[in-house]
Amino acid sequence: MNLKLTEEERAFRDELRTFFTTEIPAEVRAKTASGTPLGKDDYVAVQRILHSRGLAVPNWPVEWGGQDWTPMQRNIWLSELQLASVPDPLPFNASMIGPVIAQFGSQEMKERFLPATANLDIWWCQGFSEPEAGSDLASLKTRAVRDGDDYIVNGQKTWTTLAQHADWIFCLVRTDPNAKKQVGISMLLFPMDTPGVTLRPIKLIDGGYEVNEVFFENVRVPAENLVGEENTGWTQAKFLLGNERTGIARVGATKVKLARAKSLAAETRYGSGSLLDDPIFAARLAELENELLALELTQLRVVAGSADGKPNPASSLLKMRGSELQQAATELLVDIAGPDSLPAGEAGIDSPDWAQLTMPTYLNNRKVTIYGGSNEVQRSIIASSILGL
């Protein structure tokens with residue numbers, strides 16, 4: 001494996017770096033770097049700029065806006081995107097339902113949805129998890145019964161991220177209750193304003209509003225909105241989750257957090273110097289930087305080994321360690337802020353804005369070891385597929 005970029009790859013990297021740092025609004029990148037929540041308009045504006053240059057959905061088939069890139073080029077794109085603090089293209093569109101429709105949808109469905117999905121003219125949300133079907137997703141109970149040219153949907157989804165912005169939902173439903181639980185599942189697409197759909201926000205521990213409950217009561221969905229064939233939804237869901245894990249290590253984003261931590265520590269008084277002079281803090285920062293470098297090298301090995309298109313079980317290691325380092329970086333920022341991190345924006349509290357953002361970011365990052373396949377599951381995959389245990 002050669003980790004050194006070729007001359008062509010360096011030129012490709014430099015072109016992306018220039019574009020990301022000059023064409024994406026600086027205020028949006030500043031929000032992303034600081035952990036300030038982005039609004040819907042921020043996501044839409046950025047994705048449309050990216051899509052105008054063919055940089056929003058490079059993992060899609062070329063005919064639908066993708067790029068015929070090498071695995072290394074895709075890795076460079078993702079790394080530079082994160083290093084520039086550019087918001088990722090909306091995952092529900094770019095990494096989840098878009099590739100599913102491109103792979104399993106009819107030609108009519110592709111023409112209807114893919115251009116609008118790539119340009120974020122449609123904002124999608126993910127209707128997968130249920131109160132009793134989270135990690136064991138195949139136990140979902142939301143039912144869809146065929147009624148002529150429609151399906152009638154009843155049930156509930158939960159933890160539906162950013163559904164308050166969504167125009168449409170891609171929803172796993174049970175269409176054959178008598179089949180083995182993985183077999184009797186289908187995927188339906190329908191607008192969030194369809195009669196019978198009710199959205200209820202879930203307030204998070206940090207006071208934010210990111211996830212929702214979604215209820216379905218006799219929701220009528222045209223049968224033409226079925227993705228692929230009936231009772232093949234589990235195959236589509238596994239395909240989707242595989243795409244969701246792409247880039248989940250977020251090496252570039254964690255690099256930005258550690259650089260920010262180093263800069264803030266240099267401004268934080270410690271004795272006669274700064275926090276960087278504290279040997280315990282300095283050792284902790286150096287350890288995280290070294291572990292992140294090791295993860296980056298592992299990611300490059302995975303990229304180099306993926307040229308033949310075969311899945312690499314080492315991607316589970318990327319997800320597991322990458323999510324842990326994301327959490328460690330946010331914890332470091334909270335520790336630098338100290339007591340100033342606790343008010344989290346309460347009126348009348350005299351603490352820097354950056355410090356007040358650290359605790360919500362820290363709390364929100366507790367989820368990263370769960371989504372995309374919990375780290376406990378990833379450890380089992382590593383044990384069986386890599387270590388042979």
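Lys181 counts as partly exposed, at 33% relative accessibility. This residue of the predicted model is a convenient point of entry, for its side chain meets that of Asp136 in a salt bridge, with 3.1 Å from N to O. The two partners occupy separate loops: Asp136 lies between strand 1 (124-127) and strand 2 (143-147), while Lys181 lies between strand 4 (168-174) and strand 5 (185-191), so the pair ties together parts that are 45 residues apart in sequence. Asp136 is likewise partly exposed, its relative accessible area being 36%.

Side chains of opposite charge can pair when their charged atoms come close. In this model the count of salt bridges comes to 19. Two further examples lead from the loops to the helices.

One of them joins Arg284 and Asp335, whose closest N and O atoms are 2.8 Å apart. Arg284 belongs to helix 9 (residues 279-304) and Asp335 to helix 10 (residues 315-337); the contact therefore ties together parts that are 51 residues apart in sequence. With a relative accessible area of 27%, Arg284 is partly exposed. Asp335 also counts as partly exposed, at 41% relative accessibility.

Helix 10 takes part in another such link, in this case to helix 12. Here the side chains of Arg379 and Glu324 meet in a salt bridge of 2.8 Å, N to O. Because Arg379 lies in helix 12 (residues 375-386) and Glu324 in helix 10, the pair ties together parts that are 55 residues apart in sequence. Arg379 is partly exposed, with a relative accessible area of 38%, and Glu324 is partly exposed with a value of 21%. For Glu324, the lower limit matters: a residue is called buried under 20% relative accessible area, so 21% places Glu324 in the partly exposed class.

What network includes Arg379 and Glu324? These two residues are linked with Glu291 and Arg321 in a network of salt bridges.

From helix 12 the reader may turn to a surface feature of another kind. Ile386, Leu387 and Leu389 form a nonpolar patch on the surface, and together they have about 350 Å² of accessible area. Leu389 lies in the segment after helix 12. Is Leu389 buried or exposed? Its relative accessible area is 77%, and Leu389 is therefore exposed, since that class begins over 50%.

Definitions and conventions
Residues numbered from 1 in each chain as written. Predicted model: local features only at pLDDT ≥ 70, side-chain atom pairs only at ≥ 80, totals over all residues. Heavy atoms only, no water. Salt bridge = Lys/Arg side-chain N within 4 Å of Asp/Glu carboxyl O. Helix = DSSP H or I, 4+ residues; strand = E, 2+ residues; numbered from the N terminus. Buried < 20%, exposed > 50% of the residue type's maximum accessible area, 1.4 Å probe, protein only. Patch = residues over 30% accessible without salt bridge, like charges linked within 9 Å, V, L, I, M, F, W, Y side chains within 5 Å. Areas by Shrake-Rupley, 256 points an atom, 1.4 Å probe, with all protein chains shown as cover.
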